[in-house]
Every structure is written in C-alpha cells, then in structure tokens.
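Hi everyone, thanks for coming. Let me put the structure up on the screen, and then we can walk through a few parts of it together.

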Amino acid sequence: MGTMLSLQEVTKIYPGAEHIKAVDSLSFDLEEGEICTMVGPSGCGKTTAMKMVNRLIPITSGKILIDGQNISRLDTIELRRSIGYVIQNIGLFPNMTIGENIATIPKLKGWDHDQIAEKVEGLLEIINLPPSEYIDRYPKELSGGQQQRIGVARAMAADPPIMLMDEPFGAIDPINREHLQDEFLKIQEKVNKTIVFVTHDIDEAIKMGDKICLLKDGKLVQFASPEELLTEPANEFVRDFVGGDRTLKRLNLLKVKAAMCPDPPVIMKDESPEKAKSMLNELKADHLIVVDNEKRLMGYVDQEALTKKADEVGDIMRSTDAFLPASSSLKDGLSEIFTHDVGYIIVVDEDKKVLGVLREDGIKEILRK
Amino acid sequence: MEPKVIFPLLKRIIPVAAIILIVIWLYQVYGALDYTIKNLPEFFRLVLEHFFLVIVSMATAGSVGVGLGIIMTRKGFDRFGSAIMVLVNIWQSIPSLGVIALAYGFLPLLGLSGIGVVPALIALFFHAVAPIVRNTYAGIQSVSKDVIEAATGMGMTPNQILFRIEIPNALPVIMGGIRTATAIIVGSAPLACLIGGGGLGFWIFTGIALMDMGILMAGAVPVALIAMFFDTLLARLERIVVSAGIQTEEYQAA
Ligand SMILES: Nc1ncnc2c1ncn2[C@@H]1O[C@H](COP(=O)(O)OP(=O)(O)O)[C@@H](O)[C@H]1O
Ligand SMILES: [Mg+2]
C-alpha cells in the first residue's frame, strides 16, 4: 500500500479570471484503495481540482503524481484511459447500446473480443443489471439511476486504478441515491480503487469517504477522516459546514462494534440451571446469554426463568430478538436499545455468534471522545 | 388478419394506390401517355439526364456540405461557425431560379461557359449545399456537452469522438439536411434546361411554351415521381444508418 495519488501545491488560475485562484496550492496524498470525498460550497474549486488530475483542465502551477509519476510527463490519452471518469450528468453515448458503452475503452485499448465480452458481463452483474436483459438496450430506455450505474461500470471497464467522480449521484432522487451509495461502497470493497469523489453534500462526503478534503475558495480547509472531521473540526467554518448535528452524524458513522463491551456473561445451553444461578449471583447480573457450543446466540435466562425445573438451561431459556450485527451503525444500535427497552443489545456477527453487548453508557462514552 | 396488422398495411397501401391512380388519370386526361410512348427514346434520355443532374449535384453537395459543416465545428474554426451560418441562411433564401440565373450570369465572368450541363450542376450544387452545411453544423453542435465531456475524460481522441460519437448522434439532423437538399435539387432540376442542362424540364418548358398540357404533364409527372423516389430512398437509408438508440418511436414504426 503506497501513495497512489499525490497533489503537491496544485494551483489553478483561469485565463480571464486572473485575480482569483480557483484552486490555491492544494496538497494531499491518497493511499491506494482510499476514497477521498472532496466537499465544500458551490464554486470552491472541487470540479477544477478533480479535472486537473485527468488533465481536462491544465494545471497552472504545482504537480500531480500518480503512482509516483508526474502526470504532465504522460501522454494525455493514455493517462485518461487509466483513470475512470464519472460525471453528474452521466453522459452515456445515446447511439450505443449499454454493452457498447461499457466496452468503449477496452475496445480502444485493443482488448480481444472474448475478453471484452467477459468484462462487460461481469460489470453488469456487479451493478445488478442482468446482462441478458440489459446488454443490448439503449440508454434512453433506462432510468436515471440505472444510467448512472452504467456510467460507473463504463468508467471501471478498463480496470483503471484511479477513478474520478464528479457529483455522480447528485441528480438522482434521495431514495435511489442512498441505494446507489450503498451499492457503490460494496463494489469498492471488491475492486479497491483509489477514488476522488466530488460532492456538495456533507452527509454523502462523510458516508462515502475514507478521507474528506474540505475546500473553501480554492483552499484546503481540512483534510481528515470523517470521524476526525466530526470530532476535531479545524475551525469555525468546518464546524458550520458540518452542521449542528455532529453527534447524530457520528452515530450514523460509527459502528456498533466500536462501542460494544466484549466478553458478555454467557452460558452454554447444556449447562445446569444451578450453574446458571451461581453465575448470576457471582456476576451480579440480571441475565445470562445462552449460546450453543459454537457460541451462537440461542436465547437468555434470568432469575425468573431459572425457577422452573429442568436439566439444562437450554430447556428453560427465553428467546430474544434484541440483537444486531456488529456492522450496524450506532444509530441503529441506539434505536434498538430504546425499542426493546432492555438496557442492552446483544451484538452478533454474520453467523449469529455472540461478540458482545451494546449498552447506552458505552455509546455515551464513545461519543464523549 | 388482426386489425392491428391490417391498419398499418392500409396506411401504406392507400397513398401508393392514390398516387398511381392520380398519375394514370393525369396521363389519360391530358394525353401525356400518347406523347410519352411516341417519344419513348427521348423520354429515357431525359430521365437519365435528370437522374444524372440530381445524383451528381447531390453527391457533391453532400460531401462538400457535410465536410464543411464538420470543419466548422472543429477547434479553431468554431469562431467562424456562426458567421458562416448567417451567410448560409441568406444564401438559402435565394430562389432556385435566382441561383440558375446567377450561374448563367457569373460563370462567364470567370471565363467559363454559362451554358450547358456543368453550369447547371454548379448551380444545383450551390443551391443544395446550404441546408447540408447548416444541418451538419447544427447537428454536431447539438450533441450533448456531457456526452462529449465523458468521451474526452475517458480518453477518446478528437477523431474517435467525431466518428464514434458526434457524427452518429448528429446523423438524424444531417440526414434531414440531405433530404431537404434533395427536395431542393429535384425541385430545381427542371430549371436546368433553361441554361442548357437538359433533363425532364425540357418537356415541361416545351409544354408551357406550346401551351400543350400533354407535353407538360409528360415532363411534370415523372419529375414528381422521381422526387418521391428519392425521398423514400433517403427515408429508408436513414432508418438503416441511424442507431436505434436515437431513432424516434414514429420512424421506428414507419
Ligand atoms: N472555465 C472557467 N473559466 C473561468 N472560471 C472558471 C471556469 N470554471 C470554473 N471557474 C471558476 O472557478 C471556481 C471554481 O469552480 P468549480 O471548480 O467549478 O467549483 P465547484 O465544482 O466546487 O462548484 C469558481 O469561482 C468558478 O467560477
Ligand atoms: Mg462542480
């Protein structure tokens, strides 16, 4: 993992607008596989900064390195073919089918026919548009959300290590936008691109970014992880831009896993009720979580349940739906705690194995940081 | 057969049948048929000449017009684009007879003959080139800026963008210009005989001079049929060359 994209003192002054620097000595480094969301008020220079990376806009001073190479030394066409490009207004080619749209750059790069077909079908699968149904259709037959998924697939077709995305979901309605964001993050887990993602929406920037690059009047105000931006805003401008609901935004961003308390009181389902009683007394707890021999959640027992006669706790335990996966947001966690009114929620992994419990005070503690 | 099948079929057959009936009726009423049969060799010669005038002036106007229209959209030339468009629009407003007269009057000034097939072709060419230039220019200009930006950003060269994106997407508009030009040429071609260019105009003007409706119809009816022939041909061509992705519903159904 090395630095994939590096901007060094990059400045842009448009001819005819010499008195303003559209981008003013912008510097930052991106690691391979990172998403950097570039955010800021309209006109702050996001698009300009992004388009200098694929040289759609010539740089005035400073330099941009991709994988250590100065882009001004590379052939423009070759450079652009190695960078995926997605714009807000999508810009699919209306005269070409979906398949042809996606195949554009691989074709120009001279890939062979089978290789292209395989790639196009693979990408259509990834973006959840079955190839048999969509490959021969034309852009005009698709919804805005579907078109933008094709736009993303087209940008990824030639396996570029870097992608530039200028407000890619900006023109999509809120419900579909959220869906596209989630889908895109899932794709990113598989493809691990280095991405510059421009948005004017701070919530989107927080959700999508590993790093956030916050600009104002062409200048970098803060370059930080979403958590850092929320907890340590560099100045008043950042504080205002992020908004008064910083704590709620953090609840959304943080995962249950970060706030849970591990090693909860558990008991195997084939233990005796006597053992359970003594454990409850010893731990001064109200409940014991009952698990099977692979630590999978089965239910719980409390003093009342233990008054019944049985050989194993498994026979007298109570079932529960007060649990949730570790990858859920703290917001969901908190909501579950209030819904079930139990004081804590059991945290499980994908196989329903018990990982810990989430309590209100655990959430409060992490938010205090 | 289903009404769904019969109806479009009727829609096609009725106009064709109507045209045939009108042609037969015109020929009968004015005695054009007799005249044509009596002068069959001359008829064929005039038809050939007419086709020659139309095809040659179409081909030259088409290639020059599309070429010029494209050049006007290229970097560096685009500044002149709108100025040229103004000229083109003024030019197009000159009536056919005016263009023919201009050829007759101007060519001798350049030391060329104002009489014959060549001046006729030159006149037709100049008259037809305007709508093609205009539509090619407008068609390429109308290709969405987002589409061009996406193509450029992805790493397509200007030539690849021109041939794979701009021209294919401008094609319906370009073809519209070519159809207009063809209509103009087919409509003006009879005037060519006024400066010795030949063609079916010869019978039309003879008919007018002799006040003989038979001769006039023997020239006018084939001219009208040739106009329809070219328009149908181009409509067919358009459906073949224009991508289904940008064809409108109605002419997919047509
Ligand atoms: N082609 C241009 N010529 C002159 N000024 C421009 C041009 N494009 C953008 N600008 C100016 O540069 C600044 C940054 O613009 P832009 O990068 O588009 O901002 P953002 O994408 O953040 O909204 C703005 O002040 C804008 O007016
Ligand atoms: Mg912008």
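When I say contact today, I mean heavy atoms within 4.5 Å. Please also keep in mind that this is a predicted model.

Let's start with chain A. Its domain assignment gives domain 1, residues 3–254, and domain 2, residues 257–368. The C-alpha centres of these two domains of chain A are 42 Å apart. So how many residues of domain 1 of chain A are in contact with domain 2 of chain A? Five residues of domain 1 of chain A are in contact with eight residues of domain 2 of chain A.

Next, the area. About 650 Å² is buried between domain 1 and domain 2 of chain A, and carbon and sulfur atoms give 67% of that. On the domain 1 side, the residues that lose the most area to domain 2 of chain A are A:Arg250, A:Leu251 and A:Leu254, together 76% of what that side buries.

What about polar links? The rule finds zero salt bridges across this interface of chain A, but it does find five residue pairs in polar contact, with both residues at pLDDT 80 or more. The domain 1 residues that touch domain 2 of chain A divide into two nonpolar, two polar and one charged.

Now over to chain B, for a single residue. B:Ser188 sits in helix α8 of chain B, which covers residues 158–188. Is B:Ser188 buried or exposed? B:Ser188 counts as buried, because its relative accessibility is 3%, and the cut-off for buried is under 20%. Leaving aside neighbours within four places in sequence, B:Ser188 is in contact with B:Ser96, B:Leu124 and B:His127.

Note on methods: Residues are numbered from 1 along each chain as its sequence is written. Chains are lettered from A and ligands numbered from 1 in the order in which they are written. This is a predicted model: local features need pLDDT of at least 70, side-chain atom pairs count only at pLDDT 80 or more; totals for chains, interfaces and linings use all residues. Side-chain values use heavy atoms; hydrogens and water are left out. Domain bounds come from an automatic or database domain assignment. Buried area is the accessible area (1.4 Å probe) that two parts lose on being put together, summed over both. A salt bridge is a side-chain nitrogen of Lys or Arg within 4 Å of a carboxyl oxygen of Asp or Glu. A polar contact is a pair of N or O atoms within 3.5 Å; within protein, one must be able to donate a hydrogen and the other to accept it, and residues adjacent in sequence count only if both atoms are side-chain atoms. Ala, Val, Leu, Ile, Met, Phe, Trp, Tyr, Cys and Pro count as nonpolar, Asp, Glu, Lys and Arg as charged, and the others, Gly among them, as polar. Helices (H or I, at least four residues) and strands (E, at least two) are DSSP runs, numbered from the N terminus. Buried means under 20% relative accessible area, exposed over 50%, partly exposed in between (1.4 Å probe, protein chains only).
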